[in-house]
Amino acid sequence: MRKIRNGIVFFFGFVVFLTTVGAGAAEPEHQFVKFTITTNKTGDRRMFVGAEGKIKGAINPNINVKEWDVVEITLINGDDLHHHIAIPDFYIMSEVVSEKGKKTTITFVPFKKGEFVYYCLLEGHRAHGMEGKLIVSSR
């Protein structure tokens, strides 16, 4: 009985060894990336404005991320209109921020690469220019 048990343990240990031999290095860890954008209006024009980092001051900034990163976008209402942010290609839509200074945050993982739009679809804001690009590149 002892020989059988030792043989079983050896067999499973050998199987584990074979499955790990030749295994490559682990994928690099996915990054956690954060962006903050505010809303603004000039006459009939509506826009997102980068609030910090590489996108600071950019109007309707391109948001560049890597596929499978964890992405957090905070939207701060910078005017007296209702706003939100939607990224339909990733099934994302934030809560509405309806007062100046209020904020909402979306967190998601972009699971495909390419160029995708983000926008506010409230009260015709997208038609008035409130649209930017989310650019997802491979790792």
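Start with the charges: there are five salt bridges to find in this structure. Keep in mind as you click around that this is a predicted model.

**Stop 1: K34 and E72**

Select E72 and K34. They form a salt bridge, and the closest N and O atoms are 4.0 Å apart. This pair joins distant parts of the chain, with E72 in strand β4 and K34 in strand β1, 38 residues apart. Which of the two partners is buried? E72 is, because its relative accessibility is 18% and the cut-off for buried is under 20%. K34 has a relative accessible area of 53%, so K34 is exposed.

Now switch from side chains to backbone. K34 has E72 as its bridge partner in β4, so you can use these two residues to find how the strands line up. Strand β1 covers residues 32–42 and strand β4 covers residues 70–76; they pair in the parallel sense over seven bridges.

**Stop 2: the open sheet**

Show the cartoon and color β2, β1, β4 and β7. These four strands form an open sheet in just that order, β2-β1-β4-β7, with mixed pairing. What are the edge strands? They are β2 (45–50) and β7 (103–108), each of which pairs on one side only. Going from one strand to the next, the twist averages 25°. As a reminder of what holds such an arrangement, strands of a sheet pair through backbone hydrogen bonds, either parallel or antiparallel.

**Stop 3: the aromatic rings**

Next, show the aromatic side chains. A search of the whole structure turns up four aromatic pairs. Select F48 and Y118: the ring centres are 5.3 Å apart and the planes sit at 50°, so this pair is tilted. F48 belongs to strand β2 and Y118 to strand β8 (residues 114–119), so the pair ties together parts that lie 70 residues apart in sequence. Both F48 and Y118 are buried.

Then go to F90 and F116. Here the centres are 4.9 Å apart and the planes are at 75°, so the pair is edge-to-face. F90 sits in the loop between β5 (86–87) and β6 (92–93), while F116 is in strand β8, so this pair ties together parts 26 residues apart in sequence. F90 and F116 are both buried.

Leave those two rings on and add F108 and F111. Together, F90, F108, F111 and F116 form one aromatic cluster. Now add K112 as sticks: the charged end of K112 sits over the ring of F90, 5.7 Å from its centre.

**Stop 4: strands β3, β8 and β9**

Hide the rings and bring up β9, residues 131–137. Strand β3 (residues 63–66) pairs with β9 in the parallel sense over four bridges. To line up these two strands, pick I63, whose bridge partner in β9 is L134.

β9 also pairs with β8. In which sense, parallel or antiparallel? The β8 and β9 pairing is antiparallel, over six bridges. A handy marker here is Y119, which has E131 as its bridge partner in β9.

Stay on these strands and select E115 and K133. Their side chains meet in a salt bridge, at 3.2 Å from N to O. E115 lies in strand β8 and K133 in strand β9, 18 residues apart, and the pair links these distant parts of the chain. E115 counts as exposed at 54% relative accessibility, whereas K133 is partly exposed, with a relative accessible area of 37%.

**Stop 5: around R126**

Select R126, Y119 and E131 together. R126 lies over the face of Y119, at 3.8 Å from the ring centre. R126 also forms a salt bridge with E131, with the closest N and O atoms 2.4 Å apart. So you can see E131 in two roles: bridge partner of Y119 and salt-bridge partner of R126. How exposed are the two charged residues? R126 has a relative accessible area of 34% and is partly exposed; E131, at 33% relative accessibility, counts as partly exposed too.

**Stop 6: a pair of histidines**

For the last stop, select H125, found in the loop between β8 and β9. At 1% relative accessibility, H125 counts as buried. Add H83 to the selection: the side chains of H125 and H83 make a polar contact at 3.2 Å.

Definitions and conventions. Residues numbered from 1 in each chain as written. Predicted model: local features only at pLDDT ≥ 70, side-chain atom pairs only at ≥ 80, totals over all residues. Heavy atoms only, no water. Axes fitted to C-alpha atoms, helices over the stretch in contact; angles between N-to-C directions. Phe/Tyr/Trp six-rings, centres within 6.5 Å; stacked < 30°, edge-to-face > 60°. Buried < 20%, exposed > 50% of the residue type's maximum accessible area, 1.4 Å probe, protein only. Lys NZ or Arg CZ within 6 Å of the ring centre and 35° of its normal. Polar contact = N/O pair within 3.5 Å; in protein donor to acceptor, adjacent residues only side chain to side chain.
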